Amino acid sequence: MQLVNLLKGDKNAGRALWFMRQAGRYLPEYRSVRAEMPDFISFCLNPEKAFEVTLQPIERFDLDAAIIFSDILTIPWLLERNLRFEAGRGPLLDAMDHPLDINAQLITSLEDKLSPVGDAVRLTRKKLSTDKALIGFAGAPWTLVTYMAEGGSSRDFAKAKSWLWSARAQTKALFSLLEEAVIRLLVLQARAGADVLMLFDSWAGAVPDALREDFVINPAIRIIDGVRDQGIAQPIICFPKGLGEGLLGFADQVPCQGLGIDQHTNLAWAAENLPENLVLQGNMDPLAVAAGGAPMRAELDRILAAMAGRSHIFNLGHGFVPHTPVENVAELTQLVRERG
Ligand code: 1CP
C-alpha cells in the first residue's frame with residue numbers, strides 16, 4: 001500500500017496520487033447517484049451509496065487512495081445543528097448564539113448515530129484492492145466552529161473569530177467537546193478499517209497568528225494524542241489550510257506523518273523548510289485542472305520540480321471544483337504516472 005508505506009517513511013515507495021474531492025460533482029456517475037438521494041446527509045449516512053461513490057474515482061482513474069464519501073459536517077449534524085443543503089447554497093445550519101449553545105450530551109451517541117460511516121468504511125475496505133489505501137477523515141474543531149457559529153459558509157468568519165477574543169473560555173470549552181467528537185469519529189473509522197486518517201482544518205488560515213497555538217496547533221496535538229491513546233497506529237495527514245509560514249510552527253509541534261499544502265503556499269519553500277521526515281501532500285491549484293492544457297501542465301512542472309528528491313503525495317491544494325472537465329483529470333493522472 002504505497003500511500004501507507006510513504007507515510008511510514010519508506011523513501012523508495014514512490015509518489016502516491018489521489019485528489020481532494022475526487023468523488024464529487026465533476027463526475028457524471030456521482031451526479032447520477034446524488035440525484036437519487038433525498039438529501040445530502042442521508043446520502044453520507046447510506047453505507048451502500050457512500051461505498052459506491054467512494055470507489056467511482058478509483059475505477060475511473062486508478063488512484064492510489066480512496067477517501068470515504070462523507071462530510072466534516074456529520075459532527076454538527078450529530079449535535080443537532082439542523083444541517084441541510086439547499087441547491088446552489090452550500091451547507092446551512094442553525095447559527096449558534098454563543099459558544100455553549102449546544103447539547104454536549106449528544107456526543108455520547110456518536111458511535112451509534114455515525115455507525116453508517118463505519119459501515120461504509122468496512123464495505124469499501126472489503127471491495128477496494130489491497131494495494132490501495134482507504135482514507136478516513138474529520139474536520140478540525142476550528143473549521144467546524146466556523147460553520148456552526150455562522151450557520152454555514154462564511155467570507156470573513158466574523159462571529160467565530162469574535163468568540164476567540166471575547167468569549168475565550170467558553171470557546172475553549174466548545175473546542176474540548178469537538179476534540180472529543182473528532183477523536184471518536186477518527187477512531188471509529190480506523191477500527192472499521194481506514195488505513196490513513198486525515199484532519200481537515202480548511203479555514204485554519206483565518207485564525208490570527210497570536211491565537212494559532214491555542215486554536216489550531218494544540219487542538220491538532222490533542223486530537224492526535226487522543227487517537228493514539230486508543231491504540232490507533234494509522235498514519236495521520238493534517239491539512240491546516242492557509243497557514244503560509246505558520247506551517248513551520250505547525251510542523252514543528254504536531255506529530256502528524258503527512259502535511260497537506262494548499263496552492264497559495266510556495267511548494268519549493270515548503271520542501272526546503274519543512275522537516276525531512278514529514279511527507280508533503282499537494283498542491284496543484286484546482287482551477288488549473290479546470291483550465292487544463294498548457295496551464296495545467298505548467299502547474300505540474302512546478303510541482304514536480306519543487307518536490308524532486310522528497311517524498312510526495314500528489315494532490316490538489318484544495319478540492320476539485322464542480323466544473324472540472326473529467327478528461328483533464330484523466331490527462332493529469334496519466335502525466336503524473338508517466339513522470340514518476
Ligand atoms: O451536493 C453535493 O454533492 C455536495 C458537494 C459535497 C461533497 C461531494 C459536499 C458538501 N461534501 C462532499 C463530500 C466531502 N466533503 C468529502 C468526501 C469526498 C471526496 O473528497 O472525494 C470530504 C473529504 C469533504 C470534506 C469537507 N466538507 C470539507 C473539508 C475539505 C474542504 O473542501 O475544505 C469541508 C469544508 C466541507 C464542508 C462542505 N460540505 C459540502 C460543501 C459544498 C462544503 C464546503 C462549503 C464551503 O466552501 O464552505
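In the predicted model, a polar side-chain atom of S153 is found 2.6 Å from an oxygen atom of the ligand. The ligand, considered alone, exposes 880 Å², and 88% of that area is buried by the protein. Two further polar contacts involve oxygen atoms of the ligand. An N or O atom in the side chain of R34 lies 2.8 Å from a ligand oxygen, and a polar backbone atom of Q22 is placed 3.0 Å from an oxygen atom of the ligand.

The surroundings of the ligand were then examined as a whole. The ligand occupies the largest pocket. A shell of 23 residues surrounds the ligand, and the closest of these are Y30, D71, Y147, S153 and S202. Sorted by class, this shell comprises 13 nonpolar residues, six polar residues and four charged residues.

The cysteines were considered next. A disulfide is a covalent bond that joins the sulfur atoms of two cysteines. The search of the whole structure returned zero disulfides. C238 takes part in no disulfide, and the nearest cysteine sulfur, belonging to C256, is 4.1 Å away. A pair of cysteine sulfur atoms must lie within 2.5 Å to count as a disulfide, so the 4.1 Å between the sulfur atoms of C238 and C256 does not meet this cut-off.

Burial was also assessed for two cysteines. C238 has a relative accessibility of 1% and therefore counts as buried, since the cut-off for burial is under 20%. C44 is likewise buried, because its relative accessible area is 1%.

Note on methods:
Residues are numbered from 1 along each chain as its sequence is written. This is a predicted model: local features need pLDDT of at least 70, side-chain atom pairs count only at pLDDT 80 or more; totals for chains, interfaces and linings use all residues. Side-chain values use heavy atoms; hydrogens and water are left out. A residue is near a molecule or strand if one of its heavy atoms lies within 4 Å of it. A polar contact is a pair of N or O atoms within 3.5 Å; within protein, one must be able to donate a hydrogen and the other to accept it, and residues adjacent in sequence count only if both atoms are side-chain atoms. Accessible areas come from the Shrake-Rupley method with a 1.4 Å probe; for residues, only the protein chains shown count as cover. On a 1 Å grid over the protein atoms alone, a cavity is a set of points where a 1.4 Å probe fits but cannot get out, and a pocket is an open set with protein on both sides within 12 Å along at least five of seven lines; lining residues have an atom within 4 Å of a point. A molecule sits in a cavity or pocket if more than half of its atoms lie within 2 Å of its grid points. Ala, Val, Leu, Ile, Met, Phe, Trp, Tyr, Cys and Pro count as nonpolar, Asp, Glu, Lys and Arg as charged, and the others, Gly among them, as polar. Buried means under 20% relative accessible area, exposed over 50%, partly exposed in between (1.4 Å probe, protein chains only).
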